[in-house]
Amino acid sequence: MVDDVRSGRAAGRRPLDAGALLEQTPDGLAVIDADGRFVQANPAALSLCGLDAAHVAGAVSPFPPRDADEDGEDPGAETVTVWEAEPGPRREFAFRVSRLPGRDERIVAFRDVTESRRHQRRLAAIASAASRVAAKRSLGSTLEALAKEVLEADALAGVQILTVNATSERFQVMGTAGFSQADNFFDMLLECREAGADLRMIDAFTSRQPVVVPNRYASIMSNPAWRALKDYMRSPEWDWFASVPLMVRGEPVGILNAFFAPGQEIGRTALDFLLAMAEQAAQAVDYAALLEREREVARREERQRLARDLHDSVVQQVFSMGMQAESLSMLSGRDTVVDSAYVMRVAGELGHVSKAVLGDLRAMVTDLHPIPLDDQGLSAALDALAESTTGRTGLDVHVSITDQHHELDDLESELREDVYRMIAEALHNSVKHAQGSRVTIDLGLTGRRSQRWLTGEVSDDGCGLPAQDADLPGEEGGFGMTAMKERAGRWAGHFAVFSSPGEGTTVRFVLPLPPSLPTGLHREVLARTHDTAGTAASARENAEEP
């Protein structure tokens with residue numbers, strides 16, 4: 001019975017010939033010559049490679065030329081190759097090659113594995129990014145590597161990762177891949193913004209939602225407002241654009257910008273991958289902030305311990321030396337056997353030295369106390385330093401801060417501490433060596449567009465330095481000058497001392513700040529608040545109308 005059914009079915013159908021099978025198979029089948037050029041191809045192969053049937057013969061194929069050592073290879077082994085037709089998307093083909101007996105031509109069977117391999121790379125990139133975050137590397141190196149992971153996983157044209165400062169007021173580029181480095185990138189971006197260009201990454205940051213823009217490359221290249229950045233953004237060529245915010249506990253800490261190669265579109269899977277990588281980047285930012293807070297706590301605790309130890313031991317011992325010197329002075333005055341003039345001279349010198357050492361140690365104890373930068377800010381810390389110095393020495397210390405946009409306390413905590421230490425050391429030198437009556441401390445932010453500088457100056461009206469001693473040598477303060485130079489050099493800054501005998505001394509430093517761009521977050525929040533208040537007021541007015 002079964003045989004009858006089978007034979008009936010077979011008898012009722014016309015079997016397909018080999019040519020029809022080749023026409024209908026979903027996999028690509030092609031004959032290529034020894035040079036790797038197409039001889040024939042089925043419809044699936046033409047579609048996969050983006051070729052025209054009329055021009056397939058002699059066209060370059062995705063597959064390599066015949067190798068002399070190919071005879072010893074496994075004909076069933078599958079290999080992957082990359083195909084980038086012009087125009088057309090980048091594709092990855094898994095293929096197998098079989099030789100045609102007695103001919104130099106070969107048969108290639110291949111299939112599109114672009115999405116599956118991309119998915120594998122995405123998973124590997126997420127795992128790699130997670131391991132980098134856990135490896136306690138520097139934030140810059142972590143985000144730079146993460147940008148490259150995103151670029152390679154999805155074969156993108158370019159990737160940027162930008163983070164913001166503590167108050168979310170300004171962007172800084174922390175990782176980039178695909179595009180060349182441009183020191184004036186933010187200057188060009190600001191110029192475009194002033195010309196009316198729409199910065200969609202700002203929208204992603206302020207709205208806390210991903211932004212996807214199709215055909216962004218064409219719109220930028222045709223918009224005169226983007227003139228300043230066209231040359232930079234032209235290569236490598238790209239098409240779609242996506243910007244994803246980096247979120248930490250509901251607040252944006254940066255953005256990830258992805259520039260997709262021509263032919264690529266941003267679907268749900270691609271966007272989910274960007275969101276996953278943005279989450280890893282956000283964790284790196286949060287982890288770096290946590291480490292910085294831990295380091296600051298450790299530094300404070302160490303300063304407190306040193307200050308306590310110095311006060312409980314060294315200061316007390318020096319004070320005792322002073323008391324002994326005074327006792328020696330009194331005894332020598334009543335003892336006729338001892339040369340009283342000699343004893344009085346020694347006692348006077350000992351008392352003078354002990355008082356000087358005591359004063360220096362008290363100043364050191366003050367300096368070793370935690371700097372109230374995080375709690376009060378750099379300006380308040382400098383005001384407190386000036387006030388304590390005036391109270392201790394009687395010197396008139398004046399502080400002038402130029403910070404129109406209140407950005408000083410947005411700077412990195414380590415930078416602010418180095419600035420404080422340089423000013424404190426310069427002030428200490430003025431107190432110790434200048435023999436003047438007034439010291440002026442000036443600190444401010446200067447510059448234009450995205451490039452800014454932090455400038456500081458400590459000037460006194462004292463005796464000045466000898467012409468040959470711009471740096472005080474050895475025990476006279478050379479170590480302090482060296483420390484100030486090292487602190488300025490740590491931030492690629494410039495440090496100089498200007499002085500001449502009888503005309504005072506000026507210590508000056510200029511520290512370049514990383515190029516940055518205003519995020520607009522607080523401006524957007526204020527605008528929304530204003531709009532909301534205006535709408536509510538209007539509603540109340542309308543409700544009150546008769």
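Where is the place of Ala155? Ala155 sits in the loop between α5 (139–153) and β6, and this residue opens the set of close-up views below, all drawn from a predicted model.

**View 1. Ala155 in the loop between α5 and β6.** Although Ala155 is not a glycine, its phi is positive, at about 50°. The relative accessible area of Ala155 is 18%. Burial here means under 20%, so Ala155 counts as buried.

**View 2. Asn215 in the loop between β8 and α8.** Here is another residue other than glycine with a positive phi, this time near 50°. Is Asn215 buried or partly exposed? With a relative accessibility of 43%, Asn215 counts as partly exposed.

**View 3. The cis peptide bond from Ser235 to Pro236.** If you follow the backbone from Ser235 to Pro236, you will find omega near 0°. Pro236 belongs to the loop that runs between α9 and β9.

**View 4. The open sheet of six strands.** Reading across the sheet, the order is β8-β9-β10-β6-β7-β16, and the pairing is antiparallel. The edges belong to β8 (211–213) and β16, each of which has a single partner strand, so one side of each is left without a neighbour in the sheet. Strands of a sheet pair through backbone hydrogen bonds, and they can do so in a parallel or an antiparallel way. For a closer look at one pair, take β9 (residues 241–248) and β10, which are joined in the antiparallel sense over eight bridges. Within this pair, Val244 stands opposite Leu256 of β10.

**View 5. Helix α6 and what covers its buried residues.** Which residues of α6 are buried? They are Phe185, Phe186, Met188, Leu189, Leu190 and Cys192. The cover over the buried residues of α6 includes two strands, β6 (158–164) and β7 (170–177). It also includes α7, α9 (230–234) and β16 (517–518). Just after α6, the chain reaches Gly196, whose phi is positive at about 110°.

**View 6. The largest cavity and its lining.** The structure holds three cavities of 30 Å³ or more, and this view shows the largest, with a volume of about 160 Å³. Rolling a probe the size of a water molecule over the atoms shows where empty space is left. How many residues line the largest cavity? There are 15, and those nearest the centre are Leu189, Trp226, Met233, Phe241 and Phe259. Leu189 has already appeared among the buried residues of α6. At least two lining residues come from each of α6 (185–194), α7 (200–207), α8 (216–221) and β10 (251–259). By class, the lining is made up of eleven nonpolar, two polar and two charged residues.

**View 7. Strand β5 with its partners β1 and β4.** On one side of the story, β1 (residues 28–32) pairs with β5 (residues 106–112) in the antiparallel sense over five bridges. In that pairing, Ile32 stands opposite Arg106 of β5. Strand β4 (residues 90–99) also pairs with β5 in the antiparallel sense, here over seven bridges. Ser98 has Ile107 of β5 as its bridge partner. The hairpin of β4 and β5 has six residues between the strands, and Gly102 in this hairpin takes a positive phi near 75°.

**View 8. Thr505 and the residues it touches.** Thr505 is part of strand β15 (residues 505–513), and at 10% relative accessibility it counts as buried. Which side chain joins that of Thr505 in a polar contact of 2.9 Å? The partner is Ser499. Leaving aside residues up to four places away in sequence, Thr505 touches Val458, Ser459, Asp460, Gly464, Leu465, Val497, Phe498 and Ser499.

**View 9. Leu411 in the loop between β11 and α14.** Look for Leu411 after β11 (396–402) and before α14 (413–434), in the loop between them. Its relative accessible area is 11%, so Leu411 is buried. Not counting residues up to four places away in sequence, Leu411 touches Arg416, Leu454 and Leu513. Leu411 and Leu513 are 102 residues apart along the chain, and their C-alpha atoms are separated by 8.8 Å.

Conventions. Residues are numbered from 1 along each chain as its sequence is written. This is a predicted model: local features need pLDDT of at least 70, side-chain atom pairs count only at pLDDT 80 or more; totals for chains, interfaces and linings use all residues. Side-chain values use heavy atoms; hydrogens and water are left out. On a 1 Å grid over the protein atoms alone, a cavity is a set of points where a 1.4 Å probe fits but cannot get out, and a pocket is an open set with protein on both sides within 12 Å along at least five of seven lines; lining residues have an atom within 4 Å of a point. Grid points are joined across faces, edges and corners, and a volume is the space filled by probe spheres set on the points. Helices (H or I, at least four residues) and strands (E, at least two) are DSSP runs, numbered from the N terminus. Ala, Val, Leu, Ile, Met, Phe, Trp, Tyr, Cys and Pro count as nonpolar, Asp, Glu, Lys and Arg as charged, and the others, Gly among them, as polar. Buried means under 20% relative accessible area, exposed over 50%, partly exposed in between (1.4 Å probe, protein chains only). Contact means heavy atoms within 4.5 Å. Two strands pair if DSSP finds at least two bridges between them. A polar contact is a pair of N or O atoms within 3.5 Å; within protein, one must be able to donate a hydrogen and the other to accept it, and residues adjacent in sequence count only if both atoms are side-chain atoms.
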